[in-house]
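The exercises below concern one protein chain and its side-chain pairs, helix packing and burial. Each task is followed by a solution in steps.

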Amino acid sequence: MPIRGSDGSIILTTKVDQKGLKSGLKSMTSIVTKSFAVIGAAAATATVAITKMVVSAYADYEQLVGGVETLFKGSAQKVIDYANDAFYTAGVSANEYMQQVTSFSASLIRSTAGDTDKAADIANMALIDISDNVNKMGSSMESVTLAYQGFAKQQYMLLDNLKLGYGGTKTEMERLLKDAQALTGVKYDINNLADVYSAIHAIQEELGITGTTAKEAEKTIT
């Protein structure tokens, strides 16, 4: 309320309503308490969800490791080691890596005459080539992976998914193998999956596609 001073000035004073202040503080305390309760409940729910995801992912990991061990036998640990480094080399999780490798590894092992150690190396090269192609050429992971799976069945209609300048026919795959031979001096057999993957690797290397995923991983904090 305004009070007139002796010098003619006007002084404003404020009276705090203690009852209203106590009521306001009580209300604020209630709101804060409820907020922390909600946050706590949300955190607990999130923790349960994350735990379930981790358990599920690990269960999948164990199952995939079992598949790798069945296929690669004495070389299984090599594949598992490659899978554990897959984020940095191929931009995928260990589980995704093993899922993709096992989708064509039976044909790949046959093409190496049962040399599982060599098959593991070529499978790793193929997975990295798939990711490099996706990163550099703007293809989708699914479309390139399907193409590689098709090659394992001697199906070439998805070759153009790689965007390397070759159409989706057996004739075009033969042309790719000849171009790769001109680059490396190695003769590639279209009936040998290891040769097909190695020839594609040679073409991608020539086009500057190889290694793009690893370079990206070096600069990506996640």
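**Exercise 1.** Is Asp179 buried, partly exposed or exposed?

Solution. The model is predicted, so local features need pLDDT of at least 70 and side-chain atom pairs count only at pLDDT 80 or more, while totals for chains, interfaces and linings use all residues. Residues are numbered from 1 along each chain as its sequence is written, and side-chain values use heavy atoms, with hydrogens and water left out.

Step 1. Take the cut-offs: buried means under 20% relative accessible area, exposed over 50%, and partly exposed in between (1.4 Å probe, protein chains only).
Step 2. Asp179 has a relative accessible area of 30%, so Asp179 is partly exposed.

**Exercise 2.** Find the salt-bridge partners of Arg175 in helix H7 and their spacing along the sequence.

Solution. A salt bridge is a side-chain nitrogen of Lys or Arg within 4 Å of a carboxyl oxygen of Asp or Glu. Helices are DSSP runs of H or I with at least four residues, strands are runs of E with at least two, and both are numbered from the N terminus.

Step 1. Arg175 pairs with Glu172, with 2.9 Å between the closest N and O atoms. These two are three residues apart in helix H7, and therefore separated by about one helical turn.
Step 2. Arg175 also pairs with Asp179, where the closest N and O atoms are 4.0 Å apart. Here the spacing is four residues, which again means about one helical turn.
Step 3. Arg175 has 35% relative accessibility and so counts as partly exposed.

**Exercise 3.** Which parts of the chain does the salt bridge between Lys78 and Asp117 tie together?

Solution.
Step 1. The structure holds four salt bridges. In one of them the side chains of Lys78 and Asp117 meet at 3.2 Å, N to O.
Step 2. Lys78 belongs to helix H2 (residues 76-84) and Asp117 to helix H5, so the bridge ties together parts that are 39 residues apart in sequence.
Step 3. Lys78, at 24% relative accessibility, counts as partly exposed; Asp117, at 36%, also counts as partly exposed.

**Exercise 4.** Describe the surroundings of Thr116.

Solution.
Step 1. Thr116 is located in helix H5 (residues 116-137). Its relative accessibility is 17%, so Thr116 counts as buried.
Step 2. Contact means heavy atoms within 4.5 Å. Setting aside neighbours within four places in sequence, Thr116 touches Leu71, Phe72, Ser75 and Ile109.
Step 3. A polar contact is a pair of N or O atoms within 3.5 Å; within protein, one must be able to donate a hydrogen and the other to accept it, and residues adjacent in sequence count only if both atoms are side-chain atoms. The side chains of Thr116 and Ser75 make such a contact at 2.8 Å.

**Exercise 5.** How do helices H4 and H8 pack?

Solution.
Step 1. Axes are lines fitted to C-alpha atoms, for helices over the stretch in contact, and angles run from 0 to 180 degrees between N-to-C directions.
Step 2. Helix H4 (residues 94-111) meets helix H8 (residues 193-206) at an angle of about 100 degrees, and their axes are 7 Å apart. That makes H4 roughly perpendicular to H8, a label for 65 to 115 degrees (under 35 is roughly parallel, over 145 roughly antiparallel, the rest oblique).
Step 3. H4 contributes Phe104, Ser107, Leu108 and Ser111 to the contact, and H8 contributes Leu193, Ala194 and Tyr197.
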